[in-house]
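New to this one? Take a look at the sequence and the model first, then use the notes below to find your way around.

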Amino acid sequence: MVYAQPGTDGAVASYDSQYENFINGDWVAPEAGEYFDNPSPVNGQVFTRVARSQAVDVDKALDAAHAAAPAWGRTSTTARARVLEQIADRMEANLEKLAVLEAWENGKAVRETLAADLPLAVDHFRYFAAAIRTQEGTSSQIDNDTVAYHFHEPLGVVGQIIPWNFPILMAVWKLAPALAAGNCVVLKPAEQTPASILEVVKLIADLLPPGVLNIVNGFGVEAGKPLASSAKIAKIAFTGETTTGRLIMQYASGNIIPVTLELGGKSPNVFFADVLEQDDEFLDKALEGFTMFALNQGEVCTCPSRALIAESIYDEFIERAVDRVSRIKTGNPLDPATMMGAQASNDQLEKILSYLEIGKAEGADLLIGGERRIEPGLEEGYYVQPTVFRGKNDMRIFQEEIFGPVLAVTTFSDEADALNIANQTLYGLGAGVWTRDQGTAYRMGRGIQAGRVWTNCYHLYPAHAAFGGYKQSGIGRENHKMMLDHYQQTKNMLVSYDPKPMGFF
Amino acid sequence: MERVTITDTAASLVEKLRSRHGPLMFHQSGGCCDGSSPMCFPLGDFLTGPSDVLLGTVAGCEFWMSASQFAYWSHTHLTVDVVPGRGSGFSVEAPEGLRFLIRSRLFTDAETEELQPVTPG
């Protein structure tokens with residue numbers, strides 16, 4: 001069974017023909033009355049149009065958020081947690097619809113949205129509902145008559161700018177902790193994927209007081225920049241690339257507000273010789289781990305896009321690994337059997353193709369793939385073959401985030417060499433280590449300069465496992481209760497219970 | 001020997017954008033999503049500094065990159081091109097339905113000998 005295109009006969013869900021901004025609990029047209037087209041990467045055809053907002057619309061959303069902030073910030077954690085649980089329940093009850101809608105907008109395989117993106121998003125609201133109810137302040141006895149109390153307080157109104165690779169899940173990673181902590185939010189989705197998150201908002205709008213959550217759509221330069229540079233936000237959170245990350249820090253410096261940034265990586269996936277010691281389930285798992293570069297068409301900040309393989313096992317391992325890659329089922333993203341769908345946009349497709357050319361020009365050996373992929377019946381869609389190159393770690397395909405299903409493979413001689421190559425990158429977001437030896441796993445895990453080292457696994461994103469970057473990969477840790485700290489002020493009340501003067505004056 | 005150049009189509013787009021935004025600059029991005037793409041900003045909007053290098057000027061725009069990234073890019077010649085797309089970040093061409101894109105080729109040995117050093121920021 002292949003899911004029907006949203007809005008056609010037999011479809012489980014449909015998109016509206018036009019979307020407005022969501023401000024103060026209402027659907028509000030942009031002041032300038034302009035909209036932009038939203039094409040599906042599956043077939044390249046426009047399926048809806050979305051508000052093209054400007055600074056005036058962002059300001060309206062910020063004012064609504066400020067009006068709502070005092071009351072929302074005082075709402076009990078019990079009540080806020082209940083709202084988050086209700087949001088989770090509502091999304092779960094509509095999981096299949098949202099999964100199909102997100103696949104159509106982003107191009108990813110519906111198999112992934114059904115099994116990962118949406119279940120994780122649902123769970124994320126539940127996790128932060130629990131986290132906020134169990135969060136405690138502290139009281140410390142400084143001396144017999146003096147006590148330091150520490151209270152958590154919301155920041156107030158925060159801005160969030162969301163990427164297009166997981167349009168719903170990445171929004172939820174930012175929304176759940178912010179709302180749980182008692183903040184009001186103005187969120188700008190990516191202009192490539194503005195509509196699926198608005199379908200989530202349609203479902204949950206009645207659960208939140210007006211102004212607590214506001215969504216403003218538009219282009220980065222027209223809507224994102226006024227949001228990031230506004231004096232009306234107390235914090236800005238961004239997932240994206242380094243230049244915009246720097247620009248956002250620069251704007252934040254003008255207002256002296258904190259930022260959290262997640263800016264990607266070039267994650268090493270390291271395979272030690274002992275993975276081949278036995279032909280068993282673990283070897284099968286390691287080969288699957290190698291193939292994880294194709295998850296979400298490689299459009300994952302932690303894509304394991306560099307595979308480092310022990311040279312003593314290279315020939316046998318790569319033969320089996322490339323065979324596994326050759327069995328990736330590509331096709332219509334709405335077919336639940338399809339493992340790899342379309343790239344999210346035409347410019348993304350063009351960028352990936354340009355890197356395939358660079359890889360060839362730099363003399364990397366092409367082991368499989370390397371071309372654009374044409375899907376029958378979906379000729380205008382944005383598809384690429386899963387591609388594996390062998391080369392050297394200083395080549396550009398080893399150093400730059402291609403954000404496509406392109407793997408760069410090299411070999412290492414021993415553990416020290418593996419660690420050295422793994423760390424020869426500007427980034428430090430994710431990494432994978434595959435070995436049957438726990439000592440090797442521990443030393444590598446501690447030695448790799450990355451925020452997340454998957455050990456004998458890859459691409460798991462459970463709530464309660466911190467996610468964030470070392471080096472140029474960003475600032476902050478999402479996906480864990482520690483993210484609450486990034487959305488809270490610490491109030492210290494230093495109280496003296498001693499009636500006597502200090503005696504200074 | 002120049003390190004970076006621009007196609008005629010991309011240069012025409014720069015002209016059009018300049019009439020709306022005033023003087024412009026490029027900064028090459030890295031990292032995820034729309035990373036590995038050149039970002040075009042009103043001149044001075046993006047603060048460059050000692051962590052950046054200036055590779056050259058294209059269509060009247062300075063072209064910058066972080067020095068750490070340049071360490072891996074220095075052996076390649078860059079051409080700023082443009083493709084239909086839905087750019088992100090705060091690059092000024094996105095509302096046009098177009099996206100600047102970098103095309104790269106290796107410098108020949110002869111070209112490498114003629115390369116001028118980049119200018120630190």
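Here is a quick tour of a sheet, a surface patch and two loop residues.

This is a predicted model, where local features need pLDDT of at least 70, side-chain atom pairs count only at pLDDT 80 or more, and totals for chains, interfaces and linings use all residues. Residues are numbered from 1 along each chain as its sequence is written, chains are lettered from A in the order in which they are written, and side-chain values use heavy atoms, leaving out hydrogens and water.

**The sheet in chain B**
- Chain B has an open sheet of three strands in the order β1-β6-β7, with mixed pairing; strands are DSSP runs of E, at least two residues long, numbered from the N terminus, and two of them pair if DSSP finds at least two bridges between them.
- Its edge strands, β1 (4–6) and β7 (98–106) of chain B, each pair on one side only.
- Strand β6 (residues 76–84) of chain B runs antiparallel to β7(B), and nine bridges join them.
- One bridge partner pair is B:V82 with B:F100 in β7(B).

**Positive phi in two loops**
- A:N296 sits in the loop between α9 (281–291) and β14 (306–310) of chain A, helices being DSSP runs of H or I with at least four residues.
- Phi of A:N296 is near 55 degrees, a positive value in a residue other than glycine.
- B:C33 is in the loop between β2 (24–28) and β3 (38–42) of chain B, and its phi is near 60 degrees, also positive.

**Buried or exposed?**
- A:N296 is buried (under 20% relative accessible area, 1.4 Å probe, protein chains only), because its relative accessible area is 0%.
- B:C33 is buried too, at 2%.
- A:F505, in the segment after β25 (488–496) of chain A, counts as exposed (over 50%) because its relative accessibility is 99%.
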